[in-house]
Amino acid sequence: MKARAFSYFRAATIDQALDAHARAGDDARFIAGGQSLVPALSLRLQAPRLLIDITHIDELRGVRREGGYLRIGALTRHCEMLTEASIAESAPLLHVAAPFVAHPAIRNRGTIGGSVALADPASEFPAMTLALDAEIEIVGPSGRRRVKADDFFIDLFETALQPGELIAAIHVPLFRADQRFAFDELARRRGDYALVGCGIMATCQGSRIEDIRISFFSVGNTPTRVKGAERALIGARLDVERIAAAQRALECDLAPPEGDEVPPAMRLHLARVLLGRLLGRLGEGA
Ligand SMILES: Cc1cc2nc3c(=O)[nH]c(=O)nc-3n(C[C@H](O)[C@H](O)[C@H](O)COP(=O)(O)OP(=O)(O)OC[C@H]3O[C@@H](n4cnc5c(N)ncnc54)[C@H](O)[C@@H]3O)c2cc1C
């Protein structure tokens, strides 16, 4: 199949992009890396009349430290998560998750803004913004605002973004010496979307967990924090009993959907296995 005919506008500034969107209304889409949108156009799952190319907007680029956060411009490509030193130092969870996102050709074009805006529940980076307690910087016709990742993902492919709004950047709290992190996923083949994936950020005092955020992907309609499992770990040392308690808590925290290729009970089992592995690594000082 081929995409329906559309017009194309290359915006040089955020204002130009927002104006073009306001004029076209529901019939416009922003395009960044195109790694999700172009396949959707080709399959006619989407058929906008106007594509607004945002890849030439300088303000959406660049990575810099700003007020206790790392500001990662929306156009930062997945491959830059691997090569940008400030991301490896100050947002290492994104750095270790990046090789699991698709394949090199897709990572060379796909952007973090596009990934978070799309909010695919099987994607790595949206879930990592939850584990990191990141904030999403949004700019739109009514101004600029920052939304916590906890409040951003609403339902399947539904986010706090209003029509015509752009993600300008992702703000990640700077990684600290008293923090530990772990990431992994289970997939049929490397590069496939995960059957289950998980990222963890923990603040520790010695071997005691002061605070922890655990975020799963590929387990439901949105990236999912498992707050029962987090509660089972906060204030405790990571021993075998605590890890087992956190694994048990997943039963209430997660409700994998019926009717897809992996039965819910199997997905829950895989989530328990993955959490056990990651907490074990965290206990070893990951
Ligand atoms: C074969 C294949 C395998 C893949 N495997 C994985 C995988 O394992 N894990 C994974 O996470 N992803 C995977 N992807 C998706 C890929 O990571 C995409 O790059 C990413 O999801 C979207 O980023 P993009 O920049 O390409 O966005 P685009 O495709 O350009 O846009 C996606 C959507 O986001 C909107 N958008 C884009 N940028 C912004 C912005 N700044 N503000 C507001 N809205 C915006 C667009 O309007 C569109 O609706 C895969 C893709 C393919 C084709």
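**Surroundings of the ligand**

In this predicted model, an oxygen atom of the ligand lies 2.8 Å from a backbone N or O atom of Gly-34, a polar contact being a pair of N or O atoms within 3.5 Å. A polar backbone atom of Ala-32 is likewise 2.8 Å from an oxygen atom of the ligand, and for a polar backbone atom of Leu-37 the distance to a ligand oxygen atom is 2.7 Å. Of the 970 Å² of accessible area that the ligand has on its own, the protein covers 88% (Shrake-Rupley method, 1.4 Å probe).

The shell around the ligand holds 28 residues, of which Phe-30, Gly-34, Leu-37, Thr-111 and Glu-124 come nearest (a residue is near if one of its heavy atoms lies within 4 Å). By class, this shell has 15 nonpolar, eleven polar and two charged residues, with Gly counted as polar and Asp, Glu, Lys and Arg as charged. Helix 7 gives the most to the shell, with four residues (helices are DSSP runs of H or I with at least four residues). At least three shell residues come from each of domain 1 (7-53) and domain 2 (58-173), the bounds being those of an automatic or database domain assignment.

Residues are numbered from 1 along each chain as its sequence is written. Local features need pLDDT of at least 70, side-chain atom pairs count only at pLDDT 80 or more, and totals for chains, interfaces and linings use all residues, while side-chain values use heavy atoms, with hydrogens and water left out.

Terms used:
A polar contact is a pair of N or O atoms within 3.5 Å; within protein, one must be able to donate a hydrogen and the other to accept it, and residues adjacent in sequence count only if both atoms are side-chain atoms. Helices (H or I, at least four residues) and strands (E, at least two) are DSSP runs, numbered from the N terminus.
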